[in-house]
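Biologist: I should like to understand how the terms used for this structure are justified. May we go through them one by one?

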Amino acid sequence: MAAAQARSKVVNILGLLQSGASSCPCHSHAHSHALPTASSFNSLLKYGRQYASGNESTDYAFEMAASNIRFGPGVTSEIGMDLNNIKAKKVAVYTDSNIAQLRPLKAVVESLDRNKVNYVVYDTVRVEPTDTSFKQAIDFARQHQPDAFVAVGGGSVMDTTKAASLYSSHPEADFLDFVNAPIGKGLPIYKQLKPLIAVPTTAGTGSETTGTAIFDYEPLHTKTGIAHRALKPYLGIVDPENTRSMPAQVHASSGLDVLCHALESYTALPYNERSPRPSNPILRPAYQGSNPISDVWSLHALRMVVKYLPRAYKDPEDLEAQQQMLLASTFAGIGFGNAGVHLCHGLSYPISGLNKNYKHPGYKVDHALVPHGVSVALTAPSVFRFTSAACPDRHIDAAAAFGADPAHVKPSTAGEVLAEKLTRFLEELDVPNGLSGLGFDSSLIPQLVEGALPQHRVTKLAPTREPAAEQLAKIFENSMTNY
């Protein structure tokens with residue numbers, strides 16, 4: 001009798017497992033009996049946008065590219081073994097003068113020494129790099145000819161190291177050859193670069209996952225960059241112990257970059273509405289437009305930022321919040337690294353470039369500085385008021401991540417609701433009150449617009465399509481004060 005009851009329970013469990021498996025897209029065996037339909041696939045896309053086939057002038061495909069990621073407390077200690085595993089003979093380690101005094105670089109150097117790795121250190125990376133500082137880092141790489149690179153720092157260090165790796169592999173190249181058009185030539189990268197291992201020390205840029213390197217182009221007083229999948233690090237070592245020395249203001253500003261990465265990539269123009277369709281896959285841009293895979297990473301990262309960034313900012317002992325923000329940065333990096341960003345980033349570049357006097361608290365630098373995360377966040381409320389009409393459903397999803405009840409948000413009010421949620425979030429993090437908080441006034445708007453117009457690599461990914469100069473001026477004007 002007992003045996004019969006036991007068999008009956010087993011049969012019931014197997015039945016439940018079989019019925020449940022039919023609803024699981026990864027583990028179901030149902031696909032061996034019937035082909036999936038378009039409706040069954042679309043049911044998996046729960047984030048408010050259906051991706052119809054593009055027409056002949058727009059793209060019809062998207063690619064997902066991301067670095068290998070290794071996450072775990074103390075995992076930096078493995079880097080020496082990694083470099084031996086790839087048989088590196090000479091390694092160039094890049095960092096900045098602040099990180100050079102802190103635990104993250106010490107942990108890297110200890111691992112390299114323990115594993116008898118031959119290395120040289122460049123410890124003068126500029127925070128918020130310029131074309132001049134990029135060239136200095138490139139000269140160091142060309143002088144030492146390493147066969148592998150290590151970046152220990154925030155986005156500035158990782159982006160500088162990417163540029164050093166790129167141009168040391170192209171000694172014949174002019175600096176502007178690979179810089180994004182229209183400032184540079186935007187040439188594709190055909191050569192395989194030397195492996196780069198990125199060790200992020202901030203929870204913000206997600207640069208350990210992307211093929212992007214951003215810098216201030218001093219002749220035009222604006223930011224631009226280099227973007228190509230070939231720049232992606234070979235490995236990102238994401239170690240929560242490396243962010244514990246971050247000051248509160250660095251937590252806030254780097255976290256705001258994650259916030260805008262997530263929001264912008266989730267609301268970007270769909271990949272199959274982006275034009276022109278590339279004639280060769282190598283010409284497909286890294287920033288392709290929103291797509292079903294990036295959507296998942298970006299929306300999840302947004303929810304994590306809303307939950308954990310205020311905690312990480314307010315309590316330096318909240319290790320759970322710090323760890324979750326580091327993961328959120330990586331998640332958003334995977335999302336925006338393939339979907340792209342749009343107006344907050346495009347408008348941030350002239351904000352940074354035109355800053356002459358403002359120096360953000362918490363940063364030990366000898367020059368005026370608006371942290372990248374702050375510069376992208378200051379226009380966010382006005383940006384999403386402007387873009388909401390193009391995809392109100394996406395803006396409702398974003399507002400819901402901040403706690404709004406989507407059942408009570410109309411499409412016509414989605415932008416205003418999201419903007420209000422963003423404004424309160426920025427105020428909670430003690431972000432300067434709009435552009436006026438940096439010392440800017442309306443007289444700078446023509447220069448801000450002039451600096452934003454060349455950023456069409458990103459501004460054309462706005463869901464509204466590329467804005468006109470008058471629309472950009474209005475966004476800047478509305479961003480003078482937020483509170």
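Modeller: Let us begin with contacts: two residues are in contact when they have heavy atoms within 4.5 Å. Among contacts in the chain between residues at least 6 apart in sequence, 80% join residues at least 24 apart. Please keep in mind that this is a predicted model.

Biologist: What is the secondary structure of the chain?

Modeller: The chain has 17 helices and eight strands. Of its 483 residues, 57% count as buried.

Biologist: What makes strand S4 mostly covered?

Modeller: A residue is called buried when its relative accessible area is under 20%. In S4, residues 148–153, six of six residues are buried, so the strand is described as mostly covered. Ala-148, Val-150 and Val-152 are buried on one side, and Phe-149, Ala-151 and Gly-153 are buried on the other. Both faces of S4 are therefore covered.

Biologist: How do you know that S4 pairs with S2 and with S5?

Modeller: Pairing requires at least two bridges between the strands. Four bridges join S2 to S4, and five join S4 to S5, residues 196–200; each of these counts therefore satisfies the requirement. S2 and S4 run parallel, as do S4 and S5. Tyr-94 stands opposite Ala-151 in S4, while Val-152 has Val-199 in S5 as its bridge partner.

Biologist: Why is the crossover from S2 to S3 called right-handed?

Modeller: S2 (residues 91–96) and S3 (residues 119–125) run parallel and are joined by five bridges. The chain passes from S2 through helix H4, residues 103–114, to S3 in a right-handed β-α-β crossover. The name applies because, with the strands pointing away from the viewer, the path from the first strand over the helix to the second runs clockwise. S4, H6 and S5 also make a right-handed β-α-β unit.

Biologist: Which residues are closest to the centre of the largest pocket, and what is its volume?

Modeller: The largest pocket has a volume of about 850 Å³. Of the 42 residues that line this pocket, Val-127, Gly-154, Thr-202, Val-250 and Tyr-363 are the closest to its centre. Helix H7 (248–266) is one of the elements that supply at least two lining residues, and H7 gives the most, with five.

Biologist: What makes Gly-154 a polar residue in that lining?

Modeller: Gly is counted among the polar residues, so Gly-154 belongs to that class. By class, the lining has 15 nonpolar, 21 polar and six charged residues.

Conventions
Residues are numbered from 1 along each chain as its sequence is written. This is a predicted model: local features need pLDDT of at least 70, side-chain atom pairs count only at pLDDT 80 or more; totals for chains, interfaces and linings use all residues. Side-chain values use heavy atoms; hydrogens and water are left out. On a 1 Å grid over the protein atoms alone, a cavity is a set of points where a 1.4 Å probe fits but cannot get out, and a pocket is an open set with protein on both sides within 12 Å along at least five of seven lines; lining residues have an atom within 4 Å of a point. Grid points are joined across faces, edges and corners, and a volume is the space filled by probe spheres set on the points. Buried means under 20% relative accessible area, exposed over 50%, partly exposed in between (1.4 Å probe, protein chains only).
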